[in-house]
Amino acid sequence: MTIAEELAKKQREISISEFFERNKQILGYDSPTKAVLTVVKEAVDNSVEHDEPVLVRQEGRVRFVRIGEYVDHLMEREGVLPDASGRSFVTLSDCEVLAYDDSTLKMRWKPASGAQRHPLRGDLYEVELVGGRKVTVTGSHSVFGLAGKRIAALRVADLRVGDYVVVPHRELAVDDPIREVDLRPWLLTLSPDRASGFMIHGMAARLDSIPRDWTRFDFVPLSHVQKRRLEVPRDARVTVRFGKSRLPVVIPVTEALMRFLGLYAAEGTRSRRIVTLSFGAHETDLIDDARRCVLEAFGPETRLSKVPAHETAVCLKIYSGILCEVLNEVFGCGDHAHEKRVPDLVFNVEPELQLAFLGGYIAGDGYRGREKISMTTVSPDLAAGLTFLFALRGKAFSITKKAAGFRVFPRGYVSQTRPAYSLYLYGSEGLEEQPNSPLNWFPLGLTGFLDVVSSMRPLSSYNVPLYKDMWSRPHYTIGKFAEALVEAEEYAREDLPSDMRGQKAFLERLIFGDLSFLRVKAIRKVESPHPYVYDFSVPGSEKFLGGRGVLFLHNTLDACEEAEILPDVSIEVRKGESKDEFVVAVEDNGPGILKKEVANVFGRLLYGSRFHSRRQARGAQGLGISGAIMYGQITTGKPATIRTKTAEMDVAYELDLIVDTRKNKPSIQREEFKVWDKAHGTRIEIPLKGRYIGGKQSVTEYLKGAAIVNPHARLSFKPPEGEVVVWERATQELPPKTVEIKPHPYGLEIGTLLAMGKETKSYKLSAFLEEEFSRISPRVAKEICELAEVDPETRPKSLSLEQAKAIVDAIPKVKVMAPQTDCLAPIGERLIKKGLKNVLGNLRPEFYSPPLTRDPAVWQGNPFQVEVGIVFGGDLPADQPVEVLRFANRAPLLYQAGACALAQAAANVDWRRYGLEQRGGQGLPYGPAILLLHVCSTKVPYTNEAKEAVSAVPEILTELDLALKEVGRRLKTHLTKKERKVKTREKFDIVQKILPLIAQKSATIVGKKVPSLDGTITKIMGVVWIEESVAYDKKHVVTIDVHNFTAAGKKMNLHALLPRNGWKLGKVRPKPTEVREDGKITWELPRIGSVEKATVTFELLGLEKDEYDETDLYVSGIPPDLVIGAEPLPGDWELNYKEFEQEEAPPAVAEEEEVDYDETEEELGDE
Amino acid sequence: MSRKQAAKSSGGAQGADKAVEELHGIATEIYGQLTAGQVPKMTLPLRTKANIRFDPRASVWKYGSLKGVRSAKKLKGALMLLRTMYVLDFIKDMIDQTKSSTLREMYYISEGWDLAKFHSQDESNLLAEDLEIITECLREDFKLRPEESGASVIGNVTIEEVTRNGERRRINCKDDVGDAGYTIPYNVEKEKVKFVSADAKFVLAIETGGMFDRLVENGFDEDGKCVLVHLKGQPSRSTRRLLKRLNEELKLNVCSFVDGDPWSFRIHASVAFGAIKTAHISEYLATPTAEFVGITASDIVNYELPTDALTPRDIGALNAELTDPRFKDEFWKNEIELMLKLGKKAEQQALAKYGLDFVTDRYLPEKLGELGLMR
C-alpha cells in the first residue's frame, strides 16, 4: 500500500467541483488532498514506540491498544511484507483514531487511512509532562504544543523542558454508546470443543426436536446450538457445564455492571470457576455494595458468598464459571494484578457509566484525600487505560511510576516488587471540578491573551480588577479566562487591530475547544526493546491521541510543508476539426490522480461532493469538470482526453472518456499508458463547439484576474491565434488553508435543520445541536431546547416539522456568539498588492492603495469578509470608466456585472469626493484606476447557479461600501499629498538649485561676492521639508533628510511607522529614542538650525524589493503646518492612529496677490 | 519708449553702452534683493490682450499699466530669472567682444547653461523681448538678431543698401531683382537701408507666396502701380518696420491682402495696430493707416468662394478676437460674427475659382477701388 493509494482514498472524498477548481479555475492547492500528496516524502524515523497505548475505533467500537501490537496484528493478518528499507504499510479501512479539529480545537474521531511500521533508527525520546503523562517517540516525531501564540507541531528533538504541550481537557461525547453486552456472537464462534462445555438455558422448550431430555431442565449445549445453527433468544441464559450460576446472554450495561467491573479491576482475581473480590474486613458497606452490583448486573441466579480470608480481610466469592470466562474473554479485564486492564467496554458506554466504573475502581483501590484521590496499580495497562479514561472524562490527574525493587517486610521477609503506578485524581470529590489542577492553568502570556485583552480595552481607566490581576499571575484558570475575555469584549469600544483578530479567534477556540496545556517536565533518551516504531496516517489532520497519559501526536506535517507544490498551470485553446469547434486543454503540475479514480473523478456528476460543508471554497461553475466534459460530448460527440500521472507512476495513464448521462457513470472509450516527462500532473482536453472571443469577458481576462488573486501560481495561456501569454509567479507563499466550520445557527432554515438531523451521528437533540453547529455550548443547546419546548433527548432523526420550526424560531432568541472567522481566507493586503503589481506592473501605476481587508461580518449566519484595492495612475487609461475586477472566493467574476453587488457597490459611491471623475456622483467613475473587489464567505450568495455575480445582500453591500469609501479616502490622501508634494518639491528645487545659481551669476555680473541666501530661502520655503529616499540592495536603506527651511531653528520628534511584520531592523542612525513592537520608531532630533538639515537613516532586512517603497512618517513637537513630507503624529496615537490616515492634508496656503508674469502668456504665442 | 529713442538707440555703439548699463542694472537689482534676504523678482508690464491700450497719439496699440511680477517663488519665474542672468552675462560678453548672434544661436548656446537652458526657442525669444521691455533697448542693441528669413519686395522703388563690405549700393526693386524680388534684411534702419525714390501709389502686403507669385506673374505691380511685399505669414519685425518706413517716408498707403481666416486677421492686426508680443515697440512697427483688402466673410458670400470649415481652434481664435480691443470696431465685429455664423473660411487663392486673372482683373481693382487706390 503506497501513499498514492492513500491519496486515492482522499480523492474519493473530493468533489468534482474541487477538482474542477484545481484545473479549470486553477486555484486549488488548498484542498484536503494536499496533506496527503505531500506525504510523498519518506516518513521514516518519525514514529511512536511499540508499547505506546492508543485508542482506536473500529466498527464504531473503541478499543484501547498498544500501537505495536495492534499494527503488527493487522500486518500479519493482511500478509504485508516490508519494503527494501524494512518499512511496511497497511491500509486501514475501518479504523478511526482520536484527533482534534484545527478549526474548533474539538476532539473527534478521524479515520486513519493506514498504519506503518519501520525499523527504529536514531534516538527514542520519552517526553514527560507535568502530572506524569508520557510518550515515547523518535526525535523527529512531533507533539502539538504552544508555539508563539498558536498551536503547532513541535519536534520532540527540539522540545524543551517548560514548553507547553496540548492535551485533551474536555469530556469526549460517546457516539452510539453500548447499552448491552451481547454474549451470543462470542458464544457462537467458540470452537466445538469448548462449546460443548457451555449450556444455553431458556430455549430448549421452544425447540421442536430435542435429542435428549434437555427440555426438562430447559437447556441445550452450545455445541448443539452451533451445529444446528439455532437462534439463541435474547432472554436465554448461559452457564458452563455443571455451573450453578447462569448469566444472561444479553447483559444490559448498567451502573451495577460498570461498578462491578471497576471493583474487579481494583480487587478482583479469578480462578477457573470462582471470581474473588478482596476487601478489608471493615469495609462492610463496600462488601454489601459489591454484592448488590453482582446480583443486579448478572441476575439473581448468581451464587456468591462472603468468606473471611484472615483477620483483616474478607473475600466476596462469586461461584460463576461463566462469569470467569466472560470477564476474561469478552470484557478483557485481565486476570492478575499486573495484567489488569480497563475493559474496552468502558470506553464505549455512556459517560455516567464510565464514571460508575471509575467509582468502583476507586472504591476498591483508591484513597480519598482532601484534594486528590490516590490509586496505585502494578498493571501498566490498567494505569494507561485509566489515564485515557480520566482524560476523556475531562479529569485532571497525574501519574507517577515507582520502579521495581525489593521490599523488606517486618521480620526480615524480602519480596521482589513490580513497578507500580500511582495515579492521582484531583479534587476530593474526584469526579467533580478540580480548579487547582495544573490542567486548568492557562499560560496566559504565551497564548497572547494579555495582548488581546489590552488591545480590546485601550483605555486603562476601565480598571477591571480581573484584568489587573491577570498581569501578576503566570497562570489563570480556564473558567476565569473565558470570563475575562467576555468581560473585555463588553468593554471593548474599538475594533481589534487586525493582527489581533486571529489571536482572538484562537483564544475563542481555546475556550470552546477541548484542549488544554501541560508543561514538559522532562525529556530523556530511552532504549526500546522493540525493533520497530509505528505510526498512523490520518489524512487531513496528521495528529492522533496517544501516549501514556494522553497527548496529541503528530505524524508528518513538517514533510508536508516542505513538499507543497506551487501551481504551474497551462491553458490552451486551439481550433478544432470543424469550423466552430475548439479544443480546450488544461495541464497542471498537481499531484495527479490514481488510475482507478480517474474515471470517477471526471466522469460522474457530483461525485463525492459533501453535504453541509462550511469551508470557503472557490466553487465550480454549476456541474464542474464533468459538466464541461458532458457539454463537449453533447456538442461535438467526442470524448474528453485525460492524462494523469502521480509521483509513484512511471508512465502516465491516458484515457478517452465520455459521461454515460443515463447512468451518471463514466464510460472509458480508450485507455493506455504513455510516457510523460512530467513528474506528476494532470492534463485534460475537451473538444467543444463554441466561440472564442477576446476582450472583456475572455479567457485572457479571466486568467488575468486569476493571476492577480493567485500570485503563487504560474499561469500560461495559448490562445487559438497569437502569442502565448504568461503570468509569472509573484510569490512563493502559498495561500492560507481554509478550515471547515460547522454552520452557525443564526439564519438556519427549517429544511436544512431537518436534513442535518437525518445525517447526524448524534442520538440526542442537545448533542446534535452542540456537535453540528458552531458556537453552541451545552448551556446554549439547553436554552434552545427549553425555549422551543422540545425535549433535548429527542432523536434528531425523528424531529417533526413543528419541532424543527420551534427550534428555528427559538434560536434567534438565544444569545449565540458570532461565528468564528478563521474559516475565511481573504487574499490579504500583502498578496493583493503583490498580485496587482505582478499583473499590472507594465502599466506602471503610480499608486497602489494599501488594499483593505474588512473585519469579517455575517449575513444570515454565514461569515463573510470583503476586500477592496485600488490602483491609480501610470499608463492606465484616464478617459475610460474605471475597470472593476470582481472576485468571489478568489475566483474572478466576468459576467453579469450589472446584476452584481460588487459592481453596484462601486457605482454607489460618490467618487468625486475621492478625486475621480463621476457624472452626477453615481455610476462607475472615470479615471486611470482599477478597483479590485473580493467577497469571501462560507456561502457566497450568487445570483445564479453559474456563479456569475453576487446578490445584493444588504450586509454585503454595507461592508463593500465602507471598504470602498475607506480605499477612496486613501486615494484622495495620496492625491492631495502628491499635489502638495509636487508644489513643495518645486520650491525645494528652486532653493536648492536655482537660487544659488542666480546668486552666483548675479554676483559675477556685478563683480561682488556671492550673497548668503538664507533669508531668501526661508522666505520662499517657510517650511520644514522632509524628504525620504529608499534604496535597495539585498536590504532596504531608508534615508530621511529633514531640511529646516524656516527662519528659526526647529526641534522636533520624527516617527517612522514600519509595516507590522516581516522585517528586521538593521543599522539605525542616529540612535532612535524608541523602537516599538508595533513598528513605530521615534527619534528626538536635536535642534536643526535655520537652513540646515538633519539626516536619519535606517536599514530594513528581510523584505523583498517591491514590498517596501515608502515610509509612513509623522512628526510631533512642531506645528504640523510647518512640515512638508510627514504627517502630524496623532495626539492620541496610542488609541487609534487609523483615523489619522483618513485626515486630509490641510489646504495649501494661498499665494500672494501679485499677478504672476509667467502665468499670463495666453496671448503671446498665438499670432 | 519713444520712437525717437528707439530709432536713436538701435544699432550704434551708443545703443550698446546703454544696453550694458541697463543690463547691469538688472543684475544689480537682483543681487541687491538677494543680499537683503528678499525673494528676487522683476516687474514687467503684462503682455496680454487685456493690457493693450490704444495710444491715440501714435494711433497704435501699446502696453497699458498692468504689471506682472516674475518672482523666484515659482519654479517658472525662478528659471526665467536664472536665464535672465545667463542672458545678461552672454550679452555682456558679446558686446565686449563685438560679436553678435542670432536668437537661434542663443537658444543653442543655452544648451550649456544647465538648468537655465531654454526648452524652446519661443522661450528665448520671449526673454529677449522681456529684456527689450525692461531696458527700453532693442534686441539689436544686445547684439541679438533674428534669423527670420526676410520677406520679399517687388515694385518700382529704389533703395540704397550698405553691403557686407561696407559699400552702398542702389537697388531698384523692379529692375535689379529676379522673380524672388528684393530680400528684406533683418536690419532695415536708415544706416542700413535708405529709400531713394519710388514710383508707386501704394504697398500691397501679401500673406502667401502663391498669391505673391500670381500677382508678380500678372504684372500687378505695374498695372496697379504698387509695391508688392510678401509677408511670409506673420511678418517679421523687419518686414513690419519696412512697411512702416515705406508708409511714413515715401507716403505710400499700405494694404494687407491676406487669407480669410482668424489667423490672417491677426496678421493684419500686427501690421496695422501693433502686435501684443511687441506692443512695447508698436509705434515703431505698426502702420496705423494700413487697410485690409484680404478675404472677408462677406467676400465668401459675395464671391461665392470655395471654403473650408472652421476648425475648433479657428472658432476659439475668432471668439478671442471678439474680445480683443484691437478688433473692437463695427467692421471687424460684423466680419468675425459673420464668419462664425458661416462656419467657413477661405484662402486668397480660392479666388482662382474664377480664373487665374480674376484676382488682378476683378477682385483687387474692386477692393482697392473702394479705397480710391485704383481706378
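**Exercise 1. Find which residues of helix H25 (residues 765-772) of chain A are buried, and what they pack against.**

Step 1. In this predicted model, the buried residues of H25(A) are A:Leu765, A:Ser766, A:Phe768 and A:Leu769. Buried means under 20% relative accessible area, exposed means over 50%, and partly exposed lies in between (1.4 Å probe, protein chains only). Helices (H or I, at least four residues) and strands (E, at least two) are DSSP runs, numbered from the N terminus.

Step 2. These residues lie on the same side of H25(A), because they cover an arc of only 165 degrees around the axis. The arc is taken from the directions that run from the helix axis to the C-beta atoms.

Step 3. Their packing partners are helix H24 (750-759), helix H26 (778-788) and helix H27 (801-810) of chain A. Contact means heavy atoms within 4.5 Å.

The model is predicted, so local features need pLDDT of at least 70 and side-chain atom pairs count only at pLDDT 80 or more, while totals for chains, interfaces and linings use all residues. Residues are numbered from 1 along each chain as its sequence is written, chains are lettered from A and ligands numbered from 1 in the order in which they are written, and side-chain values use heavy atoms, with hydrogens and water left out.

**Exercise 2. Sort the residues of H26(A) into a buried side and an exposed side.**

Step 1. A:Val780, A:Ala781, A:Ile784, A:Cys785 and A:Ala788 are buried in H26(A). They line one face of the helix, because seen down its axis they fall within an arc of 135 degrees.

Step 2. A:Pro778, A:Arg779, A:Lys782 and A:Glu786 are exposed, on the face turned away from the buried side.

Step 3. The cover over the buried residues of H26(A) includes H25 and H27 of chain A.

Step 4. Just after H26(A), A:Glu789 has a positive phi of about 55 degrees.

**Exercise 3. State which residues touch the most other members of the largest nonpolar core, then follow A:Leu261.**

Step 1. A nonpolar core is a set of buried Ala, Val, Leu, Ile, Met, Phe, Trp, Tyr and Cys residues joined through side-chain atoms within 4.5 Å. The largest one has 101 residues, and those touching the most other members are A:Ile151, A:Leu187, A:Met258, A:Phe260, A:Leu261 and A:Leu345.

Step 2. Not counting residues up to four places away in sequence, A:Leu261 touches A:Leu327, A:Phe331, A:Cys333, A:Pro343, A:Leu345 and A:Phe357.

Step 3. A second, separate core has 72 residues, including B:Leu204, B:Met211, B:Leu246 and B:Ile276.

**Exercise 4. Count the disulfides, and say whether A:Cys333 and A:Cys785 are buried or exposed.**

Step 1. A disulfide is a covalent bond between the sulfur atoms of two cysteines. The cut-off used here is a pair of cysteine sulfur atoms within 2.5 Å. Over all chains, the structure holds 0 disulfides.

Step 2. A:Cys333 counts as buried because its relative accessibility is 2%. A:Cys785 is buried, with a relative accessible area of 2%.

**Exercise 5. Give the strand order of the sheet that contains S14 of chain A, and the helix that packs on it.**

Step 1. The open sheet has 4 strands in the order S15-S14-S16-S17 (chain A), with antiparallel pairing. Two strands pair if DSSP finds at least two bridges between them.

Step 2. Strand S15 (219-221) and strand S17 (247-248) of chain A are at the edges, each with a single partner strand, so one side of each has no neighbour in the sheet.

Step 3. Strand S16 (residues 237-240) of chain A is joined to S17(A) by 2 bridges, and A:Val238 stands opposite A:Leu247 in S17(A).

Step 4. Helix H11 (residues 321-331) of chain A packs on this sheet, touching strand S14 (198-201), S16 and S17 of chain A, and its direction makes about 100 degrees with that of S16(A). Axes are lines fitted to C-alpha atoms, for helices over the stretch in contact, and angles run from 0 to 180 degrees between N-to-C directions.

**Exercise 6. Describe the cover and the partners of strand S40 (residues 681-689) of chain A.**

Step 1. S40(A) is mostly covered, with 8 of its 9 residues buried.

Step 2. Strand S36 (residues 581-588) of chain A pairs with S40(A) in the antiparallel sense over 8 bridges; A:Val584 stands opposite A:Ile686.

Step 3. Strand S37 (residues 640-645) of chain A also pairs with S40(A) in the antiparallel sense, over 5 bridges. A:Glu685 is the bridge partner of A:Thr641.
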